[in-house]
Amino acid sequence: MAVDQDRLMEFLHRFVGDLGATMAAGSVVVGDRLGLYKALAAGPVLPQELAERTGTTPRYVEEWLRGQAAGGYVQYDAATGRYSLTEEQAFALTNPDGAVFAPGAFQLALGALKAEPSITEAFRTGDGLGWHEHDSDVFAGCDRFFRPGYTANLVDSWLPALEGVTDRLGKGIRVADVGCGQGASTVLMAQAFPRSTFTGSDYHAESVDQARKKAADLGLDGQVRFAVASAQSFDGGPFDLVTTFDALHDMGDPLGAAKHVRRQLSADGTWMIVEPAAGATVSDNLNPVGRVYYSFSAFLCVPNALSQDGGYSLGAQAGEEPIRRLATAAGFGRFRRVAETPFNNVYEARP
Ligand SMILES: C[S@@+](CC[C@H](N)C(=O)[O-])C[C@H]1O[C@@H](n2cnc3c(N)ncnc32)[C@H](O)[C@@H]1O
């Protein structure tokens with residue numbers, strides 16, 4: 001079959017963009033770790049000045065700046081030789097506590113890619129690779145990747161979309177945040193609803209340690225506790241609200257988890273299930289967000305699920321119907337999608 005030159009060039013164009021983005025991922029993480037973006041946000045600088053302000057070496061910084069400018073992450077003024085950030089670039093690159101934080105996503109991606117040899121082997125053997133077996137950048141990067149979306153949406157739109165839940169949170173109820181990782185969602189909810197108490201749990205002890213530290217630093221000790229426990233065995237119920245944030249699809253026995261949530265929930269309680277945004281079919285997910293999630297899923301979600309009892313893997317792009325079926329099979333009588341954002345779908349399940 002003859003190669004169509006135009007289609008070939010179109011593909012090569014895509015490939016060069018992807019190759020640049022892949023290498024630039026490392027540069028974004030370097031810029032974040034060294035405070036280069038934050039220093040750039042203060043105003044236009046020469047490479048030498050940026051290096052002085054950040055305690056780094058001018059030649060490295062110069063090369064970094066050029067690559068960043070070529071990728072559209074930094075502005076370059078050829079007349080003055082100075083580099084700067086637009087307001088939008090600064091917004092997305094400098095604030096880990098804001099509504100958008102691109103470096104956290106790249107930290108997660110680079111951390112996940114470190115497992116490439118094990119993942120390649122797992123494709124052959126079918127073995128799993130547990131969340132805990134990954135590089136620690138996966139845990140910190142996951143927290144920094146998801147937290148901005150939670151900051152932007154959780155308290156202001158997702159919780160209010162659940163029937164009667166914010167009223168009850170305001171009065172004071174018991175909440176379990178299952179598969180809480182480093183506790184981003186737990187802490188946000190606790191800060192917004194000081195009369196309610198929160199128990200975050202995750203099977204991964206290192207993440208739980210970080211969550212405890214964060215809560216202690218924020219003075220939330222009495223209101224929030226964290227436990228190392230799987231979703232199939234956490235205790236302390238009955239809870240009025242159980243939440244799972246971007247975690248259900250990672251589990252090898254999601255039905256066991258759903259049944260256990262049902263057992264730990266009060267009769268009039270609510271299970272809030274936050275999952276990656278996904279359409280109903282594979283074709284619906286063949287877009288940039290689907291690409292991000294399928295790729296993370298092959299490195300993180302599927303291997304983790306296959307490493308656990310149950311050995312069933314929903315994958316990060318399962319979409320609504322499989323989650324509805326799980327909730328129904330676990331004894332939840334009511335299920336509906338209550339909110340969606342570019343990165344997440346939010347479901348409410350009630351007994
Ligand atoms: C993608 S991370 C999300 C973490 C956190 N909820 C967040 O949104 O930042 C998935 C989490 O699920 C946890 N996890 C995976 N399988 C689990 C299980 N069977 N029981 C409890 N936690 C589990 C992992 O340890 C990891 O912290």
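Why is the sulfur of Cys-301 not in a bond with the closest cysteine sulfur? Here are my notes, starting with that one; bear in mind that this is a predicted model.

1. The cysteines. The closest cysteine sulfur to that of Cys-301 belongs to Cys-142, and at 8.8 Å the two are too far apart for a bond. A disulfide is a covalent bond between the sulfur atoms of two cysteines. The cut-off used here for such a pair is 2.5 Å, so the 8.8 Å between the sulfurs of Cys-142 and Cys-301 rules this pair out.

2. Disulfides overall. If you go looking through the whole structure, you will find zero disulfides. Cys-142 fits that picture: it takes part in none, and its nearest cysteine sulfur is the one in Cys-301.

3. Burial of those two cysteines. Buried or exposed? Cys-142 has a relative accessibility of 17%, so it counts as buried. Cys-301 has a relative accessible area of 7% and is buried too.

4. Ser-207. You'll find this residue in helix H11, which covers residues 205-217. Its relative accessibility is 2%, so Ser-207 counts as buried. The side chain of Ser-207 also makes a polar contact with the side chain of His-204, at 2.7 Å.

5. What surrounds Ser-207. Which residues does Ser-207 touch once its neighbours within four places in sequence are set aside? The contacts are Trp-131, Phe-139, Gly-181 and Gln-182. Worth clicking through these alongside the His-204 side chain, the partner in the polar contact.

6. Ala-90. This one sits in helix H5, residues 87-93. With a relative accessible area of 15%, Ala-90 is buried. Have a look at Ala-41 as well: it is 49 residues away from Ala-90 along the chain, yet their C-alpha atoms are separated by 5.8 Å. Ala-41 is also among the contacts of Ala-90 outside its neighbours within four places in sequence, together with Leu-85 and Asn-95.

7. The surface patch. Where is there a nonpolar patch on the surface? Val-3, Leu-8, Met-9, Phe-11, Leu-12, Phe-15, Val-16 and Leu-19 form one, and their accessible area together is about 750 Å².

8. Leu-12, as one member of that patch. Leu-12 lies in helix H1, which runs over residues 5-33. Its relative accessible area is 33%, so Leu-12 comes out as partly exposed, whereas Ser-207 counts as buried at 2%.

Definitions and conventions: Residues are numbered from 1 along each chain as its sequence is written. This is a predicted model: local features need pLDDT of at least 70, side-chain atom pairs count only at pLDDT 80 or more; totals for chains, interfaces and linings use all residues. Side-chain values use heavy atoms; hydrogens and water are left out. Helices (H or I, at least four residues) and strands (E, at least two) are DSSP runs, numbered from the N terminus. Buried means under 20% relative accessible area, exposed over 50%, partly exposed in between (1.4 Å probe, protein chains only). A polar contact is a pair of N or O atoms within 3.5 Å; within protein, one must be able to donate a hydrogen and the other to accept it, and residues adjacent in sequence count only if both atoms are side-chain atoms. Contact means heavy atoms within 4.5 Å. Patches are made of residues with over 30% relative accessible area and no salt bridge: like charges are joined within 9 Å, nonpolar side chains (Val, Leu, Ile, Met, Phe, Trp, Tyr) within 5 Å. Accessible areas come from the Shrake-Rupley method with a 1.4 Å probe; for residues, only the protein chains shown count as cover. A salt bridge is a side-chain nitrogen of Lys or Arg within 4 Å of a carboxyl oxygen of Asp or Glu.
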